[in-house]
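Trainee: Please give me a close look at how the helices pack. Take one pair in detail, then set other pairs beside it.

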Amino acid sequence: MTKLDLTDRKIILELDTNARATFSEIGKKLGIGKNNVQYRVKRLLEGGIIKKFVTQFSLGTLGLFLGKFYLQLSGFEKEKEEAMYNYLLNDKRISWIAKSEGRWDLMMGCYVESLNQLNSIKQDFFKKYERYITSYDVIFLVEGHTSQRTYLLNKKSIPQKIERFIGVKKVEIDDKDKQILRLIANDARFNYLDIARKLNLNIKTVQKRIKALEDNGIIQGYATFLDPKKIDYNFFKLCIYLQNYETKLSSFLRYCAELPNVVHVIESLGPWEVELEIETESLEDFYNLTHQIRNDFSDIIKKTESVIISNEMKLDFFPAWF
C-alpha cells in the first residue's frame, strides 16, 4: 500500500479526466511546477498505482458488442486452474479476465461482431473446462457511463463518458485507422511522431485520422487505469435486479454515476439490469454504500448480488483480433 498526499490525488484525478494532459497543463492548474508533476507521475507509475493510460472507445460504432461470462467454478487442482488462466490469457478473442470472490469466481468479457462469434468462444472454453463450471451467467453491455475517481478528493462524481453498444450508427474505418487504434489503446499518452514512424505515415495524416476518430465518436476520451489495491482500496461489482423501473431508470443511473465511489455504471441485458463498479477502502464502506443505494431506490430494486474483484488479470480496451 502507498499513501497518497493531496497533490498526488489531484494529479491522478486530472489524468483520470484527461490522460493526455501535459505536465505543464496539470502543473499550471494545480499551482505546482512541471518537473514536480513529472516526478510524481513517474513515481506513481513505478509504484504500480498507475498501471497504464488508456484510450476509451465506443466500440459499438465499429459494429462490436461486449458479451460477458460470469462463472462459478469448483473441483480445480492448482495445475489445472493455472492452465485454464493461461488458456484465457492467450486467447486474443478475450479482452477482460478477472478473478473474483463471492457470487462468481471468474469473469471474462469478449468484444464480438455476432452471437455466433461469442458462442464459438464459449464452446471452445467449455470443451476444455466444462466439468469445472457449476453455473454461469451471460450478460451483454447496453450502455456504460464512466465517472471520475472523485472519491480521492471527497467530491461528488460527474459522469463523463458514455459507451453505447445498442442503437449506435456504425462508422466504417480502414486498416490504417485500426492500426492506429491498436497502438493507442493502451498508450493514451502517445506521441504522434512515434505513431507516424511505426505506420510509415506523415505526422499530419496521423493527426487528421485521430481527430476524425474523435469527431466520429469512436475515440471518446483518454483515462488512467489504476490499481486500487496499491492505495488500499478494494474493487467491487454490484449487480442490481430492477422491477417496475421504466420511469425511474434515468434518474437511478444518474444517481449512481454521481456517487463518488462508483467509477462505472453499466446498463446490462441479462439476468440483471444495472451493474456498478465500485472502489472503497473497506468492506464496511461497500456494504454501507450498497444499503444506501437500496434504501434510496427500494421501490425499483428487487435484489442485488456482489463480488470483490481479487485480480483483474487482463483488460484490453480494443480487441486484438479486430
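Mentor: What follows starts with one helix and its partner, then turns to other helices and two loop residues.

This is a predicted model, where local features need pLDDT of at least 70, side-chain atom pairs count only at pLDDT 80 or more, and totals for chains, interfaces and linings use all residues. Numbering runs from 1 along each chain as its sequence is written, and side-chain values use heavy atoms, without hydrogens or water.

Start with α5, residues 115-129. Helices here are DSSP runs of H or I with at least four residues, strands are runs of E with at least two, and both are numbered from the N terminus. α5 has 15 residues. From first C-alpha to last it reaches 21 Å, close to the 21 Å expected at 1.5 Å a residue. That expected span is 1.5 Å times one less than the number of residues.

Its partner is α4, residues 78-90. Two packed helices are described by the angle between their axes and the distance between the axes. Here the angle is about 165° and the axes are 11 Å apart. Axes are lines fitted to C-alpha atoms, for helices over the stretch in contact, and angles run from 0 to 180 degrees between N-to-C directions. That makes α4 roughly antiparallel to α5. Under 35 degrees counts as roughly parallel, over 145 as roughly antiparallel, 65 to 115 as roughly perpendicular, and the rest as oblique. The crossing is right-handed: the near helix is turned clockwise from the far one by less than a right angle, whereas anticlockwise would be left-handed.

Which residues make the contact? α4 gives Lys-80, Ala-83, Met-84, Tyr-87 and Leu-88. α5 gives Asp-124, Phe-125, Lys-128 and Tyr-129. Contact means heavy atoms within 4.5 Å. By class there are six nonpolar, no polar and three charged residues. Ala, Val, Leu, Ile, Met, Phe, Trp, Tyr, Cys and Pro count as nonpolar, Asp, Glu, Lys and Arg as charged, and the others, Gly among them, as polar.

Now Tyr-129, in α5. At 6% relative accessibility it counts as buried; buried is under 20% relative accessible area, exposed over 50%, partly exposed in between (1.4 Å probe, protein chains only). Leaving out residues up to four places away in sequence, Tyr-129 touches Phe-76, Lys-80, Ala-83, Met-84 and Tyr-87. The other buried residues of α5 are Gln-117, Leu-118, Ile-121, Phe-125 and Phe-126. Their cover includes β2 (65-73), α4, β4 (106-112) and β5 (133-147).

Turn to α1, residues 6-17, and α2, residues 23-30. Their axes come within 11 Å and cross at roughly 125°. That makes α1 oblique to α2. This crossing is right-handed. Lys-10, Ile-11, Glu-14 and Leu-15 of α1 meet Ile-26, Lys-29 and Leu-30 of α2.

α1 also packs on α3, residues 34-46, with axes within 11 Å and a crossing of roughly 85°. That makes α1 roughly perpendicular to α3. Among the residues that meet are Ile-11 and Leu-15 of α1, and Val-37 and Leu-44 of α3. This contact has six nonpolar, one polar and three charged residues.

Last, the loops. Asn-154 has a positive phi of about 55° although it is not a glycine. It lies between β5 and β6 (159-164) and is exposed at 73%. Phi of Asn-200 is near 55°, also positive. Asn-200 lies between α7 (192-199) and α8 (203-215) and is exposed at 72%.
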